[in-house]
Amino acid sequence: MTFPDLYNPPFTFRVHHTCREFHKKSSDFMDAQTFHFVNGSSPLSVSPHHILPQDKRPNLNQPPLLSSVPVIDLMEEPCSLVVDKISKACEEYGFFQIINHGVPHELCDRMLAVLTAFFELPPQEKAPFLATDQTQQVKLFNYYVKSDGQKKVSMWSECFAHPWHPLDDILHLLPQNPPQYREVIVEYGKEIYVLMKRLLSLISQGLGLENDCLETKIGEKPAFRAQGNYYPPCPDPELTLGLNVHTDVSALTIVRQLEGVTGLQVIKDGNWVQVEPIPNAFVINIGDQIQVLSNGRFKSVHHRAVTNKTRKRVSIATFYTPDKDTIIGPIRDLIDEQHPPLYWEYRFSEFLEEFFKQEGTRRMVKETFELKV
Ligand SMILES: O=C(O)CCC(=O)C(=O)O
Ligand SMILES: [Fe+2]
């Protein structure tokens, strides 16, 4: 791969100067934000605001990653076998991939295509979506890591978040360009909704609970948030990350990743394991809330996205998360003398408060709610 002769720095927007019309006056969040467009350019070197301190770099030269996460065929018979495999994967990896899930392949391709087209619009066209406060329904933003001295290092990615279902009330807030964006996310959201419910049922059964137990515990008004992630080729993948090491705050996450490009990695026994992009598969991961509900039996595992020199990567994560007023704690049926509760019961808003407090760090949110036994 050769890069263009000219050094072409990523486009930077200081939100409160450039997009005054989106400025919400009293927002501290706003003053702290500088957004870095990383698309559309292939710089010869990584600019300083993307360079991680030594101890936070990905260290890609480690020995090759030997295993990948389990791949589960949802059509396999009998269904009890599928339940057992999911249960084992949730205990051992916190991640698995599914095939034969019933969501049309071409719809998923279209979803990633419109997302890519959106990210590849000129910066000026994306500027109206730049995040100005945490509560914004539709927002374009970068994740960052706080390095020593609290300096913010942006990840080598752009993220675009908005609800994925139901969309009637917010459709007008979603991009008009590319023109198919709205219809595709509506269609995709409907399919993911069915799949999400099916997975929650299988995971409940894997815990030995009633089919609808997890769905009921997560509550009647779950939040359906989607996050598109765009990782352009990076001149020096050793210096930066696409997404910092994290666990998902959700109950459950369904990720679709572009075929043919690796990047997602998961911690397994202290090593980073690559989640191979398999044609027409979804990556499923347990979020913090199911870890707590299952009393620690199913794991919400640290993962990250690394970059590469030659190929862009795109993914969309659809999260299923409790409403802020929902009370979350270990499910009573999973507690007995051998399995004492490992977590306090909390209101989900308390969890979120802690989550935002730890912004920019390698978060340890659920650990804050651990009961010390
Ligand atoms: O790009 C990926 O595959 C990872 C996405 C992810 O972990 C997230 O959005 O939380
Ligand atoms: Fe994630």
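Which residue in β14 is the bridge partner of Phe96? The answer is Ile284, and this pair offers a way into the larger of the subjects treated here, the arrangement of strands in what is a predicted model.Phe96 and Ile284 belong to a pairing in which strand β4, residues 95-99, and strand β14, residues 282-286, are joined by four bridges in the antiparallel sense. These two strands are part of an open sheet of eight, whose order is β3-β4-β14-β11-β16-β9-β8-β5 and whose pairing is mixed. At the edges stand β3 (71-73) and β5 (139-141), and because each has a single partner strand, one side of each is left without a neighbour in the sheet. From one strand to the next, the twist averages 25 degrees.

Further along the order, strand β8, which covers residues 158-163, is joined to β9 by six bridges, and the two run antiparallel; within this pairing, Ala161 stands opposite Gln227 of β9. On its other side β9 pairs with β16, again in the antiparallel sense and over nine bridges, and here Tyr231 stands opposite Arg313 of β16.

Two helices can be placed against these strands. Helix α3, made of residues 79-92, lies across β3, β4 and β14, and runs at about 160 degrees to β3. Helix α4, made of residues 105-119, packs on the sheet and touches β8, β9, β11 and β16, with a direction that makes about 110 degrees with that of β16.

A second open sheet has four strands in the order β10-β15-β12-β13, with antiparallel pairing. Its edge strands are β10 (243-246) and β13 (271-274), each of which pairs on one side only, and the twist from one strand to the next averages 25 degrees. Between β10 and β15, which run antiparallel, there are two bridges, and Leu243 stands opposite Ala305 of β15.

Which residues, then, surround ligand 1? They are Gln227, Asn229, Leu243, Asp248, Val255, Gln257, Leu264, His303, Ala305, Ser315 and Ala317. The elements that give two or more residues to this shell are β9 (223-231), β11 (252-257), β15 (303-305) and β16 (313-321). Of these elements, β9, β11 and β16 belong to the sheet of eight strands, whereas β15 belongs to the sheet of four. Several residues already met in the pairings return here, among them Gln227, Leu243 and Ala305. By kind, the shell divides into five nonpolar residues, five polar and one charged.

The UniProt record, an unreviewed entry, places the feature "domain: Fe2OG dioxygenase" at residues 222-322. Over this stretch the chain is 6% helix and 45% strand, and the C-alpha atoms at its ends are 5 Å apart.

It remains to ask how far the model can be read. The protein chain averages a pLDDT of 89, and 88% of the residues score at least 70. Over residues 1-10, however, the pLDDT is below 50, and this stretch has 20 contacts in the model beyond near neighbours in sequence. Over residues 15-32 the pLDDT likewise stays under 50, and the model has 28 contacts beyond four places in sequence for them. Where pLDDT is low, the predicted coordinates should not be read in detail. For the complex, the predictor gives an ipTM of 0.99 and a pTM of 0.91.

Notes
Residues are numbered from 1 along each chain as its sequence is written. Chains are lettered from A and ligands numbered from 1 in the order in which they are written. This is a predicted model: local features need pLDDT of at least 70, side-chain atom pairs count only at pLDDT 80 or more; totals for chains, interfaces and linings use all residues. pLDDT is the predictor's confidence in each residue, from 0 to 100. Two residues are in contact if their C-beta atoms, placed from the backbone, lie within 7 Å. UniProt positions are given in the numbering used here, feature names are shortened, and annotations may be inferred rather than shown by experiment. A residue is near a molecule or strand if its C-beta atom, placed from the backbone, lies within 6 Å of it. Ala, Val, Leu, Ile, Met, Phe, Trp, Tyr, Cys and Pro count as nonpolar, Asp, Glu, Lys and Arg as charged, and the others, Gly among them, as polar. Two strands pair if DSSP finds at least two bridges between them. Axes are lines fitted to C-alpha atoms, for helices over the stretch in contact, and angles run from 0 to 180 degrees between N-to-C directions.
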